[in-house]
Amino acid sequence: MEPLPRETIVDVLEERLREDILTGRHPAGSYLPPERTLADGYGVTRTTLKHAFGRLVQAGLLETRHGVGTRVLDYLRFGRADLLPMLVRHSPDWIGEVFEVRRHIGALIAERAAARATGRQCAELRELLAEVAQAETADAVQLADIEVHRALARATGNRVYVLLTNTLFNAYLPLRSSLVAPFTDARVAHGRLAPVVEAVAAGDTAAARRAAEEYLTTTERIMLEGMS
């Protein structure tokens, strides 16, 4: 193993250990080598290793028992949503599952936003939608589009929807540059999203859900075609 660079050493070590666990180098149920052996192998101190272990314990990847050792956990049983970006990066077939959740959660968020959005929130949605049309690059259009969806989540009045929205966006962050196909034309992107915002502003829950389902299904298809 090559020694790790000294900058953000705990971050780099944490990522390296996560990769080794998620790719099966350290399979679920197995015990990691002794701390001194691991620290020497990665070229870090045991203190640095313990900090990285602490993060991975919080993420549900490791369990440390005094006098016994550090055991690798089954991430599907104990892991948290913050593992998704790394899982997507390692195995792109995860993106289909992320998109499935995106469709269902996104439609529900639009429906709830239509029922609960205030006048001020509707005005904010229209302003953010206008920024989609005004964006000059595909990357900028994509980022502007994301902000509309964050505002939709806020308009539900339910902070859990906001956090779920953040989680889903973070999940495909590693592949974001490969998912710009629906955003190459700002006007077209605006036109796809506008029915969602207008239905929410009108307080029409059924129309908001339908519009969101149409938007999410269409953009998902375009993104997957772009990836292939």
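This section describes the fold, the strand pairing, the helix packing and the empty spaces of a predicted model.

The protein is built from 11 helices and two strands. Along the sequence, these elements follow the pattern α-α-α-β-β-α-α-α-α-α-α-α-α, with the two strands placed after three helices and before the remaining ones. The C-alpha trace spans about 60 × 30 × 30 Å along its principal axes. Of the 228 residues of the protein, 42% count as buried. Among contacts between residues at least 6 apart in sequence, 68% join residues at least 24 apart.

The two strands, β1 (residues 62-65) and β2 (residues 69-72), run antiparallel and are joined by four bridges. Together they form a hairpin, in which three residues lie between the strands. Within this turn, Gly67 has a positive phi of about 80°. The pairing can be followed residue by residue: Leu62 stands opposite Val72 of β2, and Thr64 has Thr70 of β2 as its bridge partner.

The hairpin also takes part in contacts with the earlier part of the chain. Gly29 is located in the loop between α1 (9-22) and α2 (35-42). When residues up to four places away in sequence are set aside, Gly29 touches Arg71 and Val72. Val72 is thus the residue that stands opposite Leu62 and also a contact of Gly29. Gly29 counts as partly exposed because its relative accessibility is 42%, a value between the limits of 20% and 50%. The C-alpha atom of Gly29 is separated by 12 Å from that of Phe78, although the two residues are 49 positions apart along the chain.

Both strands contribute to the largest pocket of the model, which holds about 200 Å³ of space. Of the 13 residues that line this pocket, Glu35, Phe53, Thr64, Gly69 and Thr70 are the closest to its centre. The bridge partners Thr64 and Thr70 are therefore both among the residues closest to the pocket centre. At least two residues of the lining are supplied by each of α3 (46-58), β1 and β2. By class, the lining consists of five nonpolar, five polar and three charged residues.A second kind of empty space is enclosed within the protein, where one cavity of 30 Å³ or more is counted. About 260 Å³ of space lies in the largest cavity. This cavity is lined by 20 residues, of which Arg102, Gly106, His149, Phe169 and Leu216 are the closest to its centre. Two or more lining residues come from each of the helices α6 (94-116), α8 (138-155), α9 (159-171) and α11 (205-227). The lining of the largest cavity divides into 14 nonpolar, four polar and two charged residues.

Helix α6 also packs against another helix. Two packed helices are described by the angle between their axes and the distance between the axes. For α6 and α10 (residues 186-201), the angle is about 35° and the axes are 7 Å apart. On the α6 side the contact is made by Ala110, Ala113 and Ala114, and on the α10 side by Val196, Ala199 and Val200. The residues of this contact comprise six nonpolar, no polar and no charged residues.

Two further residues illustrate different degrees of accessibility. Pro92 lies in the loop between α5 (84-90) and α6. Pro92 is classed as partly exposed because its relative accessibility is 44%. In space, the C-alpha atoms of Pro92 and Pro174 are 9.9 Å apart, while in sequence the two residues are 82 positions apart. Gln142, by contrast, is found in helix α8. Gln142 is buried because its relative accessible area is 3%, and the cut-off for a buried residue is under 20%. Apart from residues up to four places away in sequence, Gln142 touches Arg176, Leu179, Val180 and Phe183.

Key
Residues numbered from 1 in each chain as written. Predicted model: local features only at pLDDT ≥ 70, side-chain atom pairs only at ≥ 80, totals over all residues. Heavy atoms only, no water. 1 Å grid on protein atoms, 1.4 Å probe; cavity = no way out; pocket = protein on both sides within 12 Å on 5 of 7 lines; lining within 4 Å. Points joined across faces, edges and corners; volume = space filled by probe spheres on them. Nonpolar A, V, L, I, M, F, W, Y, C, P; charged D, E, K, R; others polar. Buried < 20%, exposed > 50% of the residue type's maximum accessible area, 1.4 Å probe, protein only. Axes fitted to C-alpha atoms, helices over the stretch in contact; angles between N-to-C directions. Contact = heavy atoms within 4.5 Å. Pairing = 2+ DSSP bridges.
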